[in-house]
Amino acid sequence: MPQGWLDVVRQVSLFLSFYFAYRLVRGMVEGRASAAFQHAREVISIERTLHLFVEPSVQAWASGSNLVMESASWLYVNAQTSVTIGALLYVYLRHNRSFYFVRNMLMIGMAIALVGYTVFPTAPPRFMPEWGFIDSVADMTGVKVSNTGGSLTAMFNPYAAVPSMHVAFAMMIGWPLARLVRTPALRVAWLIYPFLMTFVIVVTANHFIVDALLGALTAGAAAFGASWLARMRPDAWRFLSASVARVSASG
């Protein structure tokens with residue numbers, strides 16, 4: 001272990017504590033269903049004004065392929081957890097000096113998202129079949145909500161659509177890894193990952209395009225916050241790309 005087992009326990013405990021607090025607060029929006037659907041309609045109105053409301057057409061096109069829809073549904077349900085955890089393990093073990101920057105960025109991003117979920121609860125497109133959306137992940141998640149009612153628990157909030165943290169996490173994991181890995185093909189893959197996740201959330205009708213844009217802004221704000229924190233402890237919290245780390249090690 002790069003920093004010893006005590007640091008491993010410290011980081012795992014920190015992530016678990018923050019994650020469960022995030023999930024708990026994320027689910028505490030009971031009684032906001034009507035507001036969530038109203039906000040979703042407002043998002044649609046904004047997108048139509050900006051000529052961005054293409055989600056029904058994109059999903060209709062993707063629905064012509066079972067492989068595309070099943071793959072997208074699987075990625076939506078599983079990738080955010082599996083890819084994020086795998087990426088964090090890789091960064092911790094192979095690029096430990098950059099891990100703490102990525103950690104801080106993820107936590108800042110989740111904190112920003114909680115503000116959005118609380119202030120602007122929004123129903124995802126898949127809960128609005130009247131606009132032509134299909135709930136392609138219902139069979140995998142077991143969650144179905146209509147505009148006449150909803151189901152909330154302390155650990156699950158179906159109205160946490162703004163911002164899209166699938167896109168935010170993909171950016172906060174993908175683009176740092178693109179600067180850390182050395183294989184050109186892997187760099188391209190990690191650069192593309194956020195765009196793939198944007199496609200996934202649209203074709204599964206889990207987010208609007210505006211949600212994805214706000215997710216990207218959340219990631220950018222989180223990166224700025226982590227950079228600001230790095231000024232306080234540059235030796236511990238700054239990000240080092242693979243090339244900089246090699247120069248630093250040789251020096």
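**View 1. Histidine 51, out in the open.** Histidine 51 is exposed, with a relative accessible area of 71%. Like everything in these views, it comes from a predicted model. You'll find histidine 51 in the loop between helix 2 (33–49) and helix 3 (55–62). Have a look at its backbone too: phi is positive, about 60 degrees, although histidine 51 is not a glycine. As a reminder, most residues other than glycine have a negative phi.

**View 2. Alanine 205, tucked away.** Here's another positive phi of about 60 degrees, and alanine 205 isn't a glycine either. Is alanine 205 buried or exposed? Alanine 205 is buried, with a relative accessible area of 0%, whereas histidine 51 is exposed. The loop between helix 8 and helix 9 is where alanine 205 is found.

**View 3. A cis peptide bond ahead of proline 163.** Valine 162 and proline 163 are joined by a cis peptide bond, with omega at about 0 degrees. Most peptide bonds are trans. Proline 163 belongs to the loop between helix 6 and helix 7 (165–180).

**View 4. Two phenylalanines, edge-to-face.** The structure holds 12 aromatic pairs. One of them is formed by phenylalanine 133 and phenylalanine 208, which meet edge-to-face, 6.2 Å centre to centre and with 80 degrees between the planes. Phenylalanine 133 sits in the loop between helix 5 (96–119) and helix 6 (138–141), and phenylalanine 208 in the loop between helix 8 (184–203) and helix 9 (209–232), so this pair ties together parts that are 75 residues apart in sequence. Both phenylalanine 133 and phenylalanine 208 are buried.

**View 5. More rings: a cluster and a charge.** Four rings gather in one aromatic cluster, made up of Phe15, Tyr92, Phe99 and Tyr100. Elsewhere in the chain, arginine 233 lies over the face of tryptophan 237, at 4.8 Å from the ring centre.

**View 6. Helix 5, mostly under cover.** How many of the 24 residues of helix 5 are buried? The count is 17, so to speak of a mostly covered helix is fair, since buried means under 20% relative accessible area. For its length, 24 residues at 1.5 Å a residue should span 34 Å; the end C-alpha atoms of helix 5 are 36 Å apart, which agrees.

**View 7. Inside the largest nonpolar core.** This core has 51 residues, and Leu106, Met165, Met172, Ile173, Leu177 and Trp190 touch the most other members. Helix 1 (5–26), helix 4 (66–94), helix 5, helix 7, helix 8 and helix 9 each give two or more residues to the core. Zoom in on leucine 106: leaving aside neighbours within four places in sequence, leucine 106 is in contact with Phe15, Leu88, Phe169, Met172 and Ile173. Apart from the largest core lies another, of 14 residues, among them Ala36, Ala40, Val43 and Ala205. In soluble globular proteins, nonpolar side chains tend to be buried together.

**View 8. Stepping back to the whole chain.** The protein has 11 helices and 0 strands. Of its 251 residues, 45% count as buried. Among contacts with a separation of 6 or more, 82% come from residues 24 or more positions apart. As for the outside, the protein exposes about 12,700 Å², and carbon and sulfur atoms supply 66% of it.

Note on methods:
Residues are numbered from 1 along each chain as its sequence is written. This is a predicted model: local features need pLDDT of at least 70, side-chain atom pairs count only at pLDDT 80 or more; totals for chains, interfaces and linings use all residues. Side-chain values use heavy atoms; hydrogens and water are left out. Rings of Phe, Tyr and Trp (its six-membered ring) pair if their centres lie within 6.5 Å; planes under 30 degrees apart count as stacked, over 60 as edge-to-face and the rest as tilted. Helices (H or I, at least four residues) and strands (E, at least two) are DSSP runs, numbered from the N terminus. Buried means under 20% relative accessible area, exposed over 50%, partly exposed in between (1.4 Å probe, protein chains only). A charge sits over a ring if NZ of Lys or CZ of Arg is within 6 Å of the ring centre and within 35 degrees of the ring normal. The expected span of a helix is 1.5 Å times one less than its number of residues. A nonpolar core is a set of buried Ala, Val, Leu, Ile, Met, Phe, Trp, Tyr and Cys residues joined through side-chain atoms within 4.5 Å. Contact means heavy atoms within 4.5 Å. Accessible areas come from the Shrake-Rupley method with a 1.4 Å probe; for residues, only the protein chains shown count as cover.
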